[in-house]
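I set out to record how the chains of this model meet and how selected helices pack. The entries follow the order in which I looked things up.

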Amino acid sequence: MQEHIATLIRLDLLFESIGGIIALMVAYYATKAFNLTGQKRLSDLSTGFLVLAAALFSHVGGTWYFFVRFGIEGELSPELMRLIVVVTAAYHFLRIMAYILFVVSTRHSVRTKQPEMLMLLALPVLIDINLEILTIIILLVVVLQAFMNYAVVRSRYALYVLTGFSMFLLSHVFLILAADNVGTYLLSQAFQLLGFLAFLVMLYKAGRE
Amino acid sequence: MKGKRTYRSKMRILADMMRAIQGEGENGAGPTKILYSANLSHDRLTQYLDELVKKELIILTDSESNSRVYGLTEKGRSFLKEFVRVERISEAFGIEV
């Protein structure tokens, strides 16, 4: 079980690292577009993806530091627990900041009996239900804006963006449910990765077709 | 959204002019064709054509005859390609450029 959880965490780190790289790519193209057009909202979009990338990489770094490097087993010391809470809060704060920037730029767009499970949930993240609910509400606005944009422009690129943000939303919904199920946590990470892949496909196709 | 557009950024106007030229293929396009395709006033057309020539994005291919003809340069072609990409990405996020 312990090994199984360690594998899940490594997969989690891989998914988030890939997501972070794609977020940086979107930020790069949004900055390029801003430099070319001077459209301020593109700058906000770029900042949003940069902040999202920062959140993902800080999460990867924090998870690696606490659970992979130290291989924490059993009870956590109060100091370490406090540090994890701070890192987790920063992660949530950055994500919420990123989603608020998406809203602005696209506007118009514990309970477990198993200690291993406790470790998994306490570690990569300490899911904060209240912050997750806030995140979901903000993401709902982003998805709604993306949907309205797609309804108007009807381009496949807008559909990729709608898919990407919808996957992020599903990811956060599953993250809340993950308090009950470890497998759901990984599913949440998979949805997040799918969202980033939708953005990657959009970037690729926009330059090819 | 396209129907509601009331403001075009300067960069979009320049891109529309270049698209009009590109649309005419190897023969290039005359000022009248560019004027109508890019929906511009005569004064603005002259001003922006000069700017595009200065930036080496377009070239006056037939200056001898009375009718001037403009063609895209290689730099202009790659600029337009980049702009189209930027335009698609921006549009995908609901951002007008």
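The notes below cover the interface first and the helix packing afterwards.

**Entry 1: status of the model.** I note at the outset that this is a predicted model.

**Entry 2: extent of the interface.** I asked how many residues each chain brings to the contact. I found 31 residues from chain A and 18 residues from chain B. I then looked up the area, since the size of an interface is often given as the accessible area lost when the parts come together. Chain A and chain B bury about 2,100 Å² between them. Of this area, 68% lies on carbon and sulfur atoms. On the side of chain A, I recorded A:Tyr29, A:Leu36 and A:Thr37 as the residues that lose the most area to chain B. Together these three account for 24% of what that side buries.

**Entry 3: charged and polar pairs.** I searched next for salt bridges between the chains, and the count is 1. A salt bridge joins A:Lys32 to B:Glu82, with 3.1 Å between the closest N and O atoms. For polar contacts across the interface, I obtained 9 residue pairs, both residues being at pLDDT 80 or more.

**Entry 4: which helices of chain A take part.** I listed the elements that each supply at least two residues to the side of chain A touching chain B: α1 (2-37), α2 (40-69), α5 (129-153), α6 (156-177) and α7 (182-208). The largest share, 7 residues, comes from α7(A). By class, I counted 18 nonpolar, 9 polar and 4 charged residues on this side.

**Entry 5: α6(A) against α7(A).** I turned to the packing of α7(A) within its own chain. The axes of α6(A) and α7(A) come within 7 Å and cross at roughly 170°. Angles over 145 degrees count as roughly antiparallel, so α6(A) is entered as roughly antiparallel to α7(A). The residues of this contact divide into 20 nonpolar, 7 polar and 1 charged.

**Entry 6: α1(B) against α3(B).** In chain B, I examined helix α1 (residues 10-23) and helix α3 (residues 42-54), whose axes come within 11 Å and cross at roughly 85°. I therefore entered α1(B) as roughly perpendicular to α3(B). From α1(B), the residues in contact are B:Lys10, B:Ile13, B:Leu14, B:Met17 and B:Met18. They meet B:Arg44, B:Leu45, B:Tyr48, B:Leu49, B:Glu51 and B:Leu52 in α3(B). I classed this contact as 8 nonpolar, no polar and 3 charged residues.

Conventions:
Residues numbered from 1 in each chain as written. Chains lettered and ligands numbered in written order. Predicted model: local features only at pLDDT ≥ 70, side-chain atom pairs only at ≥ 80, totals over all residues. Heavy atoms only, no water. Axes fitted to C-alpha atoms, helices over the stretch in contact; angles between N-to-C directions. Helix = DSSP H or I, 4+ residues; strand = E, 2+ residues; numbered from the N terminus. Parallel < 35°, antiparallel > 145°, perpendicular 65-115°, else oblique. Contact = heavy atoms within 4.5 Å. Nonpolar A, V, L, I, M, F, W, Y, C, P; charged D, E, K, R; others polar. Buried area = accessible area lost by both parts, 1.4 Å probe. Salt bridge = Lys/Arg side-chain N within 4 Å of Asp/Glu carboxyl O. Polar contact = N/O pair within 3.5 Å; in protein donor to acceptor, adjacent residues only side chain to side chain.
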